[in-house]
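Reader: I am new to this structure and should be grateful for a close look at one part of it, namely its interior. Would you kindly explain what lies there, and then set it against some places elsewhere in the chain?

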Amino acid sequence: MAKLGFSALTALVVGSMIGGGIFSLPQNMAVSAGAGAVLIGWAITAVGMLTLAFVFQTLANRKPELDGGIYAYAKAGFGDYMGFSSAWGYWMSAWLGNVSYFVLLFSTLGIFFPIFGEGNTLTAIVCASLLLWGVHFLVLRGIKEAAFINLITTIAKLVPLVLFIVITAISFDVGLFTQDFWGHAELDMGSVADQVRNMMLVTVWVFIGIEGASVFSARAEKRRDVGRATVTGFLFVLLMLVLVNVLSMGVMSQPQLASLSNPSMAGVLEHVVGRWGAILIGVGLVVSLAGALLSWTLLCAEILYTTASDHTMPAFLRKQNGNGVPVNALWLSNGLIQLFLIITLFNESTYLSLFYLATSMILVPYFWSAAYGLLLAGKGESYETQPGKRRSDLIIALIATLYAIWLVYASGIQYILLSALLYAPGALLFAKAKREVGATIFTGIEKLIFLAVLIGAAAAIYGLYSGMLTL
Ligand SMILES: NC(=[NH2+])NCCC[C@H](N)C(=O)O
């Protein structure tokens with residue numbers, strides 16, 4: 001495969017971060033936070049995510065041999081079960097994210113065809129399932145992410161985003177933005193601290209993909225470019241996100257924004273310029289989502305395949321068909337997406353609730369990556385000649401780790417328990433992989449950790465059964 005240079009890598013990072021999230025940002029934020037909280041929340045995110053991006057950059061430079069990226073760090077630093085769990089969580093997050101993409105896609109088509117409603121009607125789920133298997137068989141035949149698909153989807157994303165920013169900037173009304181700045185008057189959203197906490201998962205969701213460059217790091221022409229591309233892509237996306245979010249709050253009031261259906265950018269632009277605004281956003285998003293669905297589908301299979309190749313996952317996930325596609329990995333991922341589409345129908349889950357779940361699953365791999373950065377700088381190996389660099393790496397990794405812990409706290413008990421429930425069954429595959437190489441399954445401390453996961457899972461089952469928790 002051709003080696004990637006700096007701009008191709010940056011495009012990859014931007015492309016993997018911007019999928020569907022930004023297009024629904026105005027509503028997703030307005031349901032939990034007022035303007036003041038939004039500004040505070042973005043400030044926290046900017047610092048936290050930037051340090052996390054730096055950690056990925058440092059890790060890619062210092063540990064080039066750990067090419068599997070995100071899960072390899074957890075494994076190298078904290079043992080096999082943590083490595084496995086990071087891979088598992090990252091993979092679950094990837095395909096759960098796709099479930100939410102399907103719902104969002106049909107919710108977008110709902111702008112044109114009301115029968116799709118909010119993307120979770122019977123017709124929507126049937127059509128989503130057909131599309132899922134259509135993509136599945138295309139991928140089985142060996143379809144790859146072609147450069148031209150990337151180009152088209154990138155343009156489709158950026159054109160509506162830029163137009164949106166320009167148009168809302170022109171009609172921005174400062175009075176509207178500052179009215180009810182702390183979000184106490186109209187909707188009851190709790191204290192400012194609560195508002196900030198409640199918007200955190202949204203801010204993480206829109207940044208998922210930031211680890212993209214390190215996942216693809218093996219393909220970089222120059223190692224150094226991986227890190228630079230991560231940071232450049234990050235700053236660009238951050239700017240887009242903050243602008244879309246903040247500018248919307250100056251053209252519609254918060255209760256109005258909160259009651260929009262998703263993709264809410266369509267509703268905002270329609271409010272300003274009329275129907276064509278919604279159409280523009282709708283068309284851009286459909287193309288963007290099509291590209292994102294394909295690349296995350298490929299990624300789901302790739303994660304299982306890579307991890308099976310080093311015996312972190314069981315061997316059957318390594319099996320390839322004649323086209324070199326990891327078939328079993330693909331079937332497993334898409335089978336679960338199908339299952340969750342059905343659950344979505346009966347549960348009336350929304351795009352919002354599905355991506356909250358996908359986001360909470362990625363917190364574990366993010367946390368272990370940050371913690372591994374901390375460990376590496378703490379130990380100081382390979383820093384002998386650069387004590388100053390070691391100190392700055394240490395501080396950055398420490399902030400990133402604290403940020404990851406804050407995210408787990410901010411996600412709230414409901415999502416901690418649900419994550420435990422989704423992490424627990426992974427142990428079956430972990431045990432199978434261990435048995436295949438004739439190793440003992442859990443070490444002493446891992447047994448304790450797994451016990452804690454089991455307790456959390458049991459609590460989640462009880463919570464779901466009694467109705468205290470919902471998916
Ligand atoms: N299918 C997925 N897991 N997607 C995760 C990427 C989310 C991406 N940041 C977005 O805003 O759309």
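Author: A disulfide is a pair of cysteine sulfur atoms within 2.5 Å. By that criterion, the structure holds zero disulfides. The model is a predicted one, in which local features need pLDDT of at least 70 and side-chain atom pairs count only at pLDDT 80 or more, while totals for chains, interfaces and linings use all residues. Residues are numbered from 1 along each chain as its sequence is written, and side-chain values use heavy atoms, with hydrogens and water left out.

Two cysteines introduce the matter of burial. C300 is buried, because its relative accessible area is 1%, and buried means under 20%, exposed over 50% and partly exposed in between, for a 1.4 Å probe and protein chains only. C127, at 25% relative accessibility, is therefore partly exposed.

The interior itself may now be considered. The largest nonpolar core contains 155 residues; such a core is a set of buried Ala, Val, Leu, Ile, Met, Phe, Trp, Tyr and Cys residues joined through side-chain atoms within 4.5 Å. F207 and Y366 are the residues with the most contacts inside this core. The element that gives the most to it is helix α5, which spans residues 80–112 and supplies 20 residues. (Helices are DSSP runs of H or I with at least four residues, numbered from the N terminus.)

Y366 deserves a closer view. When residues up to four places away in sequence are not counted, Y366 touches M49, L52, F56, I70, V204, F207, I208, G209, I210 and E211; contact here means heavy atoms within 4.5 Å. F207, named above for its contacts inside the core, is thus also one of the residues that Y366 touches.

A polar residue may be placed beside this picture. S129 belongs to helix α6, residues 122–140, and is buried because its relative accessibility is 12%. Apart from neighbours within four places in sequence, S129 is in contact with Q338 and L341. With Q338, the side chain of S129 makes a polar contact of 3.1 Å, that is, a pair of N or O atoms within 3.5 Å, one able to donate a hydrogen and the other to accept it, where residues adjacent in sequence count only if both atoms are side-chain atoms.

I279 offers a contrast with S129 in burial. This isoleucine lies in helix α14, residues 275–309, and counts as partly exposed because its relative accessibility is 34%. Although I279 and I337 stand 58 residues apart along the chain, the separation of their C-alpha atoms can be given directly: 28 Å.

Three places in the loops complete the account. H311 lies in the loop between α14 and α15, the latter covering residues 327–347. Its phi is near 65°, a positive value in a residue other than glycine, and H311 is partly exposed, because its relative accessible area is 41%. D180 likewise has a positive phi, near 50°, and is a residue other than glycine; the loop that holds D180 runs between α8 (174–178) and α9 (192–207). Finally, N262 and P263 are joined by a cis peptide bond, with omega about 0°. P263 is situated in the loop between α12 (254–258) and α13 (264–273).

Technical notes
Helices (H or I, at least four residues) and strands (E, at least two) are DSSP runs, numbered from the N terminus.
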